[in-house]
Amino acid sequence: MKRNGTGRLPAGQEWSGRARYAAAMYFYQRGLMDAETLEVYRMCSRLDAEDSSTVLRRYRIGAEWLVRLEGNGAS
């Protein structure tokens, strides 16, 4: 599975939604992501073309997580 220049899996790549959800579960289990944000990743897990961070912004969920992503150059 190819990653973009930020290390994130780009939307649209086959199985990328599931891989993003697996990564989100990793961060959730370590206390770095809240349950509401994780739920967005779960809902998007079968939608490979949907960028979870776009959904988070659209519904104004996971502001702290988005700051963390942007701080890593992965907006």
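This is a guided tour of the structure above, moving from the whole chain to its helices and then to single residues.

**Before you start**

The model is predicted, so local features are described only where pLDDT is at least 70 and side-chain atom pairs count only at pLDDT 80 or more, whereas totals for chains, interfaces and linings use all residues. Residues are numbered from 1 along each chain as its sequence is written, and side-chain values use heavy atoms, with hydrogens and water left out.

**The whole chain**

Show the protein as a cartoon, and you will find 4 helices and 0 strands, in the order α-α-α-α from the N terminus. Helices here are DSSP runs of H or I with at least four residues, strands are runs of E with at least two, and both are numbered from the N terminus.

Now switch on the surface, which has an accessible area of about 4900 Å², 51% of it belonging to carbon and sulfur atoms; such areas come from the Shrake-Rupley method with a 1.4 Å probe, and for residues only the protein chains shown count as cover. Of the 75 residues, 33% are buried, where buried means under 20% relative accessible area, exposed means over 50%, and partly exposed lies in between (1.4 Å probe, protein chains only). Among contacts with a separation of 6 or more, 43% are between residues 24 or more positions apart, a contact being heavy atoms within 4.5 Å.

**Stop one: Trp15 and helix H1**

Select Trp15, which is found in the segment before H1 and is partly exposed, with a relative accessible area of 48%. Its phi is positive, about 70°, although Trp15 is not a glycine. Most residues other than glycine have a negative phi.

Next select residues 16-29, the 14 residues of helix H1, whose end C-alpha atoms are 20 Å apart, in agreement with the 20 Å expected at 1.5 Å a residue; the expected span is 1.5 Å times one less than the number of residues. Colour Ser16, Gly17, Arg20 and Ala24, which are the buried residues of H1. Looking down the axis, you will see these buried residues fall within an arc of 95°, so they line one face of the helix; the arc is that of the directions from the helix axis to the C-beta atoms. They pack against helix H2 (35-44) and helix H3 (52-58). After H1 comes Gly31, whose phi is positive, near 80°.

**Stop two: helix H2**

Select residues 35-44 and pick out Thr37, Leu38, Val40, Tyr41 and Cys44, the buried residues of H2. Around the axis they cover an arc of only 155°, which puts them on the same side of H2, and what covers them includes H1, H3 and H4.

Which residue has a side chain in polar contact with that of Thr37? Asp34 does, at 2.7 Å, where a polar contact is a pair of N or O atoms within 3.5 Å; within protein, one must be able to donate a hydrogen and the other to accept it, and residues adjacent in sequence count only if both atoms are side-chain atoms. Thr37 itself counts as buried, at 0% relative accessibility, and, leaving aside neighbours within four places in sequence, it is in contact with Leu56, Ile61, Gly62 and Trp65.

**Stop three: the nonpolar core**

Show side chains for Ala24, Met33, Leu38, Val40, Tyr41, Cys44, Val55, Leu56, Ile61, Trp65, Leu66 and Leu69, the 12 residues of the largest nonpolar core. Such a core is a set of buried Ala, Val, Leu, Ile, Met, Phe, Trp, Tyr and Cys residues joined through side-chain atoms within 4.5 Å. H2, H3 and helix H4 (63-71) each supply at least two of these residues, and the largest share, 4 residues, comes from H2. Centre the view on Tyr41, whose contacts beyond four places in sequence include Arg20, Met33, Ser52 and Leu69.

**Stop four: Arg60 and helix H4**

Move to Arg60 in the loop between H3 and H4, an exposed residue with a relative accessible area of 79% and a positive phi near 55°.

Finish with residues 63-71, where Trp65, Leu66 and Leu69 are the buried residues of H4. Their arc of only 100° around the axis puts them on the same side of H4, while the face turned away from that buried side carries the exposed residues Ala63, Glu64, Val67 and Gly71. What covers the buried residues of H4 includes H1, H2 and H3.
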